[in-house]
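Work through the exercises below with the structure open. Try each task before reading its solution.

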Amino acid sequence: MKNFMLWALFIFVVVGILLFVIVEAIIITGGFTNAKDNGEFMIILGCRLDGEVPGKCLKERLDAGALYLNKNPNTIVVVSGGQGDNEDVSEASAMRKYLLNKGISENRIFLEDKSHSTYENLVNSKTILDETFGGVKNQKPVILVTNNFHVYRSKAIAKAVGLSPTAISAKTPNDLKFPNYIREFASCMWWWAKSLGIISM
């Protein structure tokens, strides 16, 4: 009985390690930029603030988004993120302020400030695009801007809610890579479980 339990534990650990490696490989290989110039719509996904100021990950997202927006002056952007714990304002309002300071005109920026998850970001942002612009016509690509660790899952969720996503992959600060890639493993497992109906949406 003891030997059986040891073998069972060994197999469990090996399978767990293999699963972790496979999922992380999917996350890493899915984290590249594939957005083309002259995109019509962009969604910048929110992330943690330090009070009223974008944190390190969000700053990378905003800088990547602003670079594209300044090169493509007809692109409309939705900044998406509600107000979390220990945040003095909504992520969306802080993001708008940051983009304004980067030279993006106010009439190009739309706020989605109610969401508290990637799924809500994308559902609510799609609603804004549908109501303001009559929907994303003919499944035109929508550019998602997020950190590289977050691109794979964001695109998967976007497809599930009816968007046709491409992505701009922002860098992840070196000191935040390890915790974010670990957390994203759990987030991907959670999303897959929801997608398969194991967990309700």
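Helices and strands here are DSSP runs, at least four residues long for a helix and at least two for a strand, numbered from the N terminus. The model is predicted.

**Exercise 1. Find out how confident the predictor is, and which elements mark the extremes.**

Step 1. Take the whole protein. Its pLDDT averages 92. A score of at least 70 is reached by 95% of the residues.

Step 2. Go element by element. Helix H1 has the lowest mean pLDDT, 88. Helix H2 (residues 56-71) has the highest, 98.

**Exercise 2. Classify the ring pair formed by Trp-7 and Phe-10.**

Step 1. Collect two values. A pair of aromatic rings is described by the distance of the centres and the angle of the planes.

Step 2. Read them off. The centres of Trp-7 and Phe-10 are 5.7 Å apart, and the planes meet at 90°.

Step 3. Apply the cut-offs. Centres must lie within 6.5 Å, and planes over 60 degrees apart count as edge-to-face. Trp-7 and Phe-10 are therefore an edge-to-face pair.

Step 4. Place the pair in the chain. Both residues sit in helix H1 (residues 2-29). They are three residues apart, so about one helical turn separates them.

Step 5. Check exposure. Trp-7 is exposed, at 57% relative accessible area. Phe-10 is partly exposed, at 49%.

Step 6. Widen the search. By this rule the count comes to seven aromatic pairs. One aromatic cluster is formed by Phe-41, Phe-110 and Phe-133.

**Exercise 3. Describe how strands S4 and S5 are arranged, and what helix H3 adds.**

Step 1. Locate the strands. S4 covers residues 76-80 and S5 covers residues 109-112.

Step 2. Determine the sense. The two strands pair in parallel, over four bridges. Ser-80 stands opposite Glu-112 in S5.

Step 3. Add the helix. H3 spans residues 91-101. Together S4, H3 and S5 make a β-α-β unit, and its hand is right.

**Exercise 4. Two asparagines have a positive phi; say where they lie and how exposed they are.**

Step 1. Recall the background. Most residues other than glycine have a negative phi.

Step 2. Inspect Asn-38. Its phi is positive, about 65°. Asn-38 lies in the loop between H1 and strand S1 (41-45). Its relative accessible area is 67%, so Asn-38 is exposed.

Step 3. Inspect Asn-86. Its phi is also positive, about 65°. Asn-86 belongs to the loop between S4 and H3. At 73% relative accessible area, Asn-86 is exposed.

**Exercise 5. Map the largest pocket: its volume, its lining and the elements that supply the lining.**

Step 1. Start with the volume. The largest pocket holds about 880 Å³ of space.

Step 2. List the lining. It consists of 37 residues. Gly-46, Cys-47, Thr-118, Arg-153 and Arg-183 lie nearest the centre of the pocket.

Step 3. Assign elements. Two or more lining residues come from each of H2, helix H4 (118-133), helix H5 (151-160) and helix H6 (174-195). H6 gives the largest share, nine residues.

**Exercise 6. Work out how far apart the C-alpha atoms of Leu-176 and Lys-56 are, in sequence and in space.**

Step 1. Place Leu-176. It is found in helix H6. With a relative accessible area of 24%, Leu-176 is partly exposed.

Step 2. Count along the chain. Leu-176 and Lys-56 are 120 residues apart.

Step 3. Go through space. Their C-alpha atoms are separated by 8.6 Å.

How values were computed:
Residues are numbered from 1 along each chain as its sequence is written. This is a predicted model: local features need pLDDT of at least 70, side-chain atom pairs count only at pLDDT 80 or more; totals for chains, interfaces and linings use all residues. Side-chain values use heavy atoms; hydrogens and water are left out. Rings of Phe, Tyr and Trp (its six-membered ring) pair if their centres lie within 6.5 Å; planes under 30 degrees apart count as stacked, over 60 as edge-to-face and the rest as tilted. Buried means under 20% relative accessible area, exposed over 50%, partly exposed in between (1.4 Å probe, protein chains only). Two strands pair if DSSP finds at least two bridges between them. A crossover is right-handed if, with the strands pointing away from the viewer, the path from the first strand over the helix to the second runs clockwise. pLDDT is the predictor's confidence in each residue, from 0 to 100. On a 1 Å grid over the protein atoms alone, a cavity is a set of points where a 1.4 Å probe fits but cannot get out, and a pocket is an open set with protein on both sides within 12 Å along at least five of seven lines; lining residues have an atom within 4 Å of a point. Grid points are joined across faces, edges and corners, and a volume is the space filled by probe spheres set on the points.
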